[in-house]
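Here's a quick tour of one chain, starting with a couple of odd backbone spots and working towards the overall fold. Have the viewer open as you read.

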Amino acid sequence: MPHPSLTGEELATQPADWRTAAALAAQTGDALPRRGERVAVVGCGTPWFIAQSYAALREAGGHGETDAFAASEFPYGRRYDRVVVISRSGTTTEVLDLLGRVKAPTTAITGDTSQPIARLAGQLVDLGFADERSVVQTRFATTVLALLRAHLEVEDARPAGVGTVARAADDAERVLARRIPAELVACEQFTFLGTGWTNGLALEAGLKMREAALAWTESYPAMEYRHGPISITAPGRAVWGFGPLPEGLAEQVAGVGGLLVAESGEGGIDPLADLVRVHQLALALAESRGLDPDRPRNLTRSVILA
């Protein structure tokens with residue numbers, strides 16, 4: 001049956017979208033970073049977090065030095081061989097400003113090639129098939145990361161311990177076939193943790209829960225959890241780890257009464273599929289609170305400044 005919300009419909013297409021992106025990766029090689037290039041990847045909000053995940057993956061795979069920046073914080077004094085911008089709408093003010101100023105060759109990954117980004121970027125990657133009508137980004141963001149991961153596979157630069165996009169899509173299908181446990185929906189607070197490339201996923205998970213469900217969330221590198229964030233954990237609160245957890249952390253979460261979620265650890269589901277579980281949770285939590293997940297409070301599809 002169709003889901004009653006656009007968000008629900010859109011997040012359910014992610015496995016198919018990732019497979020489409022993986023096929024596209026082999027055809028867009030000239031537009032995406034080449035081995036050895038010094039690259040900056042930029043975006044605003046969700047795309048910034050996706051940029052962080054990709055930067056960590058690309059460096060870990062030995063493909064080249066890669067930095068990630070919020071578009072408004074780009075260091076124009078640095079030299080890059082290529083700047084990749086991620087913008088679903090193609091209209092975000094900070095992204096367009098950057099494309100008008102930056103001197104390096106540019107590539108834009110966007111969901112709408114009819115927008116101003118198309119005339120400002122040197123090269124375009126069209127992910128219109130993963131664009132969304134809802135305000136909150138789900139499938140566009142994960143499909144961007146699937147595309148970039150698949151390109152690293154094509155370039156024989158997939159980092160050790162990171163699965164293929166094909167496996168991630170299979171895992172996401174299994175995730176979507178399950179229901180979110182009631183004990184998670186009942187939690188009052190969520191702390192998301194990641195390491196390496198999954199730290200960007202943890203940041204995005206926290207943002208998604210705040211946007212869609214007005215949830216109390218925090219996100220940190222996993223090793224930082226014991227340097228303060230553990231103080232917030234208690235019964236009725238969850239700690240969600242993306243990827244393997246540091247030794248002893250699970251025991252510490254249990255020791256303070258927190259609910260640990262760690263399905264994407266060693267031998268578990270792909271961390272990108274684990275982010276789909278957060279999408280499901282955000283949707284379930286929004287609905288349980290009587291919120292409209294398609295129209296989150298104080299947000300619009302794109303930030304366009306006067």
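## Two loops with unusual phi

L214 sits in the loop that links α9 (198-213) to β7 (217-221). In this predicted model, its phi comes out near 55°, a positive value in a residue other than glycine. That's worth a glance because most residues other than glycine have a negative phi. As for cover, L214 has a relative accessible area of 36%, so it counts as partly exposed.

D156 is another case: its phi is positive too, about 55°, and it isn't a glycine either. You'll find D156 in the loop between α6 and α7 (165-176). Is D156 buried or exposed? Its relative accessibility is 69%, and the cut-off for exposed is over 50%, so D156 counts as exposed.

## The five-stranded sheet

Now for an open sheet of five strands, paired in parallel and ordered β2-β1-β3-β4-β5. At the edges are β2 (66-70) and β5 (123-126), each of which pairs on one side only. On average, neighbouring strands here are turned by 20° against each other, ignoring direction.

Zoom in on β1 (residues 39-43), which pairs with β2 in the parallel sense over five bridges. One place to look is G43, whose bridge partner in β2 is A70. Edge strand or not, β2 is mostly covered, with four of its five residues buried.

## Helices around the sheet

Which strands does helix α4 touch? Helix α4 (residues 93-101) packs on the sheet against β1, β3 (82-87) and β4 (106-110), and its direction makes about 160° with that of β3. Helix α6 (residues 139-154), meanwhile, lies across β3, β4 and β5 and runs at about 135° to β4. The loop holding D156 picks up from this helix, leading on to α7.

Then there's α3, which joins β1 and β2 in a right-handed β-α-β unit. In terms of pairing, the two strands of that unit are parallel partners.

## P47, a covered proline

P47 belongs to helix α3 (residues 46-60). Why does P47 count as buried? Buried means under 20% relative accessible area, and P47 has a relative accessibility of 4%, so it falls in that class.

Who's around it? Setting aside neighbours within four places in sequence, P47 is in contact with I86 and Q137. I86 falls within the range of β3 (82-87). For a longer reach, take A68: it is 21 residues from P47 along the chain, and their C-alpha atoms are separated by 10.0 Å.

## The whole chain

Stepping back, the chain has 11 helices and nine strands. Its radius of gyration is 19 Å, close to the 19 Å the globule rule gives for 306 residues, so the chain is as compact as a globular protein of that length. Measured out along the principal axes, the C-alpha trace spans about 50 × 40 × 35 Å.

How much of the chain is buried? Buried residues account for 56% of the 306. The contacts tell a long-range story: counting those between residues at least 6 apart in sequence, 69% join residues at least 24 apart. On the outside, the chain exposes about 12,600 Å², with carbon and sulfur atoms supplying 51% of that area.

Terms used. Residues numbered from 1 in each chain as written. Predicted model: local features only at pLDDT ≥ 70, side-chain atom pairs only at ≥ 80, totals over all residues. Heavy atoms only, no water. Pairing = 2+ DSSP bridges. Axes fitted to C-alpha atoms, helices over the stretch in contact; angles between N-to-C directions. Contact = heavy atoms within 4.5 Å. Buried < 20%, exposed > 50% of the residue type's maximum accessible area, 1.4 Å probe, protein only. Rg over C-alpha atoms; globule rule 2.2 N^0.38 Å. Areas by Shrake-Rupley, 256 points an atom, 1.4 Å probe, with all protein chains shown as cover. Right-handed = clockwise from strand over helix to strand, strands pointing away.
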